[in-house]
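The following exercises are to be worked through with the sequence and the coordinates at hand. Each task is followed by a solution in steps.

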Amino acid sequence: MAIYEVFLKKDGRDEFRHAGALDAANDELAFVMARESYARRAEGDRLWLVERSNVLVADAEFVAPNADKPHRHHDGAAVAARRKSIREQADIADDSESQ
Amino acid sequence: MNPIEEFIFSFADDEHLIGQQHTEWIGVAPFLEEDLAFSSIGQDELGHAVLLYEVVLGLRETEATDEAIDALAYDRGASEYRSSHLVELATTDWAQALLRHWLYDTVEQFRWELVVGSSNTALAEIAIRVEREERFHRRHADALLDSLLASPVARPVLLAAFDSLTPFIANLLAPVAGETEAIAQGVVSASITTIAPLLEQRVADRFEQTLSITADISNSPGRDVRSDHFQTLMDRMREVIDYDPQAVW
């Protein structure tokens, strides 16, 4: 028996998404069982199966340091604050000119 | 009984009872995924039974309400059912259930092919519609059998289970009451007995066994006689209804 990871996608919509996993004796049985276990209510119309042993899993220690770098999160707040500040300064300059 | 109705009942009742039998494996099949797959296949067969009961209601020019379909499925007298003894058989043996699934669905494929050009247009449309599901049913049975027959442990168990079912094949393929009229009216293209050589070939390919069905068919009891298993199955199916037959659902 092998563990298979199941991915589903709705045609024309979204990307493949992980749906779950199952045990199966071979690829063909994995297809048959995945269809009924994960797609019987039409949750997707495309199906990928990946044997878990073929998934390359990175070490958590290797990935973790990137969680602590807020400067790489481009949520736009810093840029927006800067634009606002420049806009306000320009308004002040306009006001003093018109006086 | 109207002969065309009787012919349709022979198919509808088979679909109904095999569907019931398969769905009863929910929770007790050998593994979780098979629980889902097998009972889901059973639901498909129940759906096909509904479509076929609707054909009967169409012949009667009666509206196919849920109540009318339920009445055909659950309320007829035992002597009015035209199911084969194979689908009435009670089993708690998974190997037997799996082999029955393969055997029934192999025959079912050929039965739909006999009505795909039916003069009854509703029936012809159903034959095309169900094939998408039936293709999967056969793939499911074949995937399990391909895997298990290769195992020296499972192979003898499966072959014994198959042997236990071969006595039911003649009854399954014996001429169905009403089929002479059904053939004359173009409802079905040929007798169900014509499936025998096709099944023999499938059995030879799958189990490397020689099966001779044709000789047994003429000696088989027909579908107008219920097997001993029928009433227990029907009582179980009607259990909730029988608590209070007047209840409104």
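**Exercise 1. Chain B as a whole**

Determine what share of the residues of chain B is buried, and state whether its radius of gyration agrees with that of a compact globule.

Solution. The model is a predicted one.
Step 1. Of the 249 residues in chain B, 37% are buried.
Step 2. A compact globule with 249 residues would have a radius of gyration near 18 Å; the value for chain B is 18 Å, so the two agree.
Step 3. The C-alpha trace of chain B extends over about 55 × 45 × 35 Å along its principal axes.
Step 4. The secondary structure of chain B consists of 13 helices and zero strands.
Step 5. Among the contacts in chain B with a separation of 6 or more, 72% are between residues 24 or more positions apart.

**Exercise 2. Chain A as a whole**

Apply the globule rule to the 99 residues of chain A and interpret the outcome.

Solution.
Step 1. Chain A has three helices and three strands, arranged along the sequence as β-β-α-β-α-α.
Step 2. For 99 residues the globule rule gives 13 Å, whereas the radius of gyration of chain A is 26 Å, well over that value; chain A is therefore more spread out than a compact globule.
Step 3. The spans of its C-alpha trace along the principal axes are about 85 × 35 × 15 Å.
Step 4. Buried residues account for 15% of the 99 residues in chain A.
Step 5. Of the contacts in chain A between residues at least 6 apart in sequence, 46% join residues at least 24 apart.

**Exercise 3. The sheet of chain A**

Establish the strand order of the sheet in chain A, and explain why β2(A) and β3(A) each have a side without a neighbour.

Solution.
Step 1. The sheet is open, has three strands in the order β2-β1-β3 (chain A), and is paired in the antiparallel sense.
Step 2. β2 (13-24) and β3 (46-51) of chain A are at the edges and have a single partner strand each, so one side of each lacks a neighbour in the sheet.
Step 3. On average, and with direction ignored, neighbouring strands of this sheet are turned by 25° against each other.
Step 4. β1(A), which covers residues 2-10, pairs with β2(A) over eight bridges in the antiparallel sense. A:K10 has A:R13 of β2(A) as its bridge partner, and A:Y4 is opposite A:L22 in β2(A).
Step 5. β1(A) and β2(A) make up a hairpin with two residues between them, and A:G12 in the turn has a positive phi of about 75°.
Step 6. Helix α1 (residues 27-38) of chain A packs on the sheet and touches β1, β2 and β3 of chain A; the angle between its direction and that of β2(A) is about 115°.

**Exercise 4. Two positive phi values**

Locate A:A42 and B:E208, and decide whether each is buried or exposed.

Solution.
Step 1. Most residues other than glycine have a negative phi.
Step 2. A:A42, a residue other than glycine, has a positive phi near 60°. The residue is in the loop between α1 and β3 of chain A. A:A42 counts as exposed because it has 8 C-beta neighbours inside 10 Å, the limit being 12 or fewer.
Step 3. B:E208, also a residue other than glycine, has a positive phi near 50°. Its place is the loop between α10 (195-207) and α11 (214-217) of chain B. With 9 C-beta neighbours inside 10 Å, B:E208 counts as exposed.

**Exercise 5. A buried arginine and the core**

Classify B:R111 as buried or exposed, and list its contacts beyond four places in sequence.

Solution.
Step 1. B:R111 belongs to helix α5 (residues 94-115) of chain B.
Step 2. There are 21 other C-beta atoms within 10 Å of B:R111, so the residue is buried, the threshold being 20 or more.
Step 3. Neighbours within four places in sequence left aside, B:R111 is in contact with B:F11, B:I192 and B:I195.
Step 4. B:L173 touches B:I192 and B:I195 too, among other residues.
Step 5. In the largest nonpolar core, which has 65 residues, A:M33, B:I8, B:A12 and B:L173 touch the most other members.

**Exercise 6. The side of chain B that touches chain A**

Identify the element that gives the most residues to this side of chain B.

Solution.
Step 1. Ten residues of chain A are in contact with nine residues of chain B.
Step 2. On chain B, α2 (32-59) and α6 (121-149) are the elements that give two or more residues.
Step 3. α6(B) gives the most, with five residues.
Step 4. By class, this side of chain B has four nonpolar, three polar and two charged residues.

Technical notes. Residues numbered from 1 in each chain as written. Chains lettered and ligands numbered in written order. Predicted model: local features only at pLDDT ≥ 70, side-chain atom pairs only at ≥ 80, totals over all residues. Contact = placed C-beta atoms within 7 Å. Helix = DSSP H or I, 4+ residues; strand = E, 2+ residues; numbered from the N terminus. Nonpolar A, V, L, I, M, F, W, Y, C, P; charged D, E, K, R; others polar. Core = buried A, V, L, I, M, F, W, Y, C linked by C-beta atoms within 7 Å. Pairing = 2+ DSSP bridges. Axes fitted to C-alpha atoms, helices over the stretch in contact; angles between N-to-C directions. Rg over C-alpha atoms; globule rule 2.2 N^0.38 Å.
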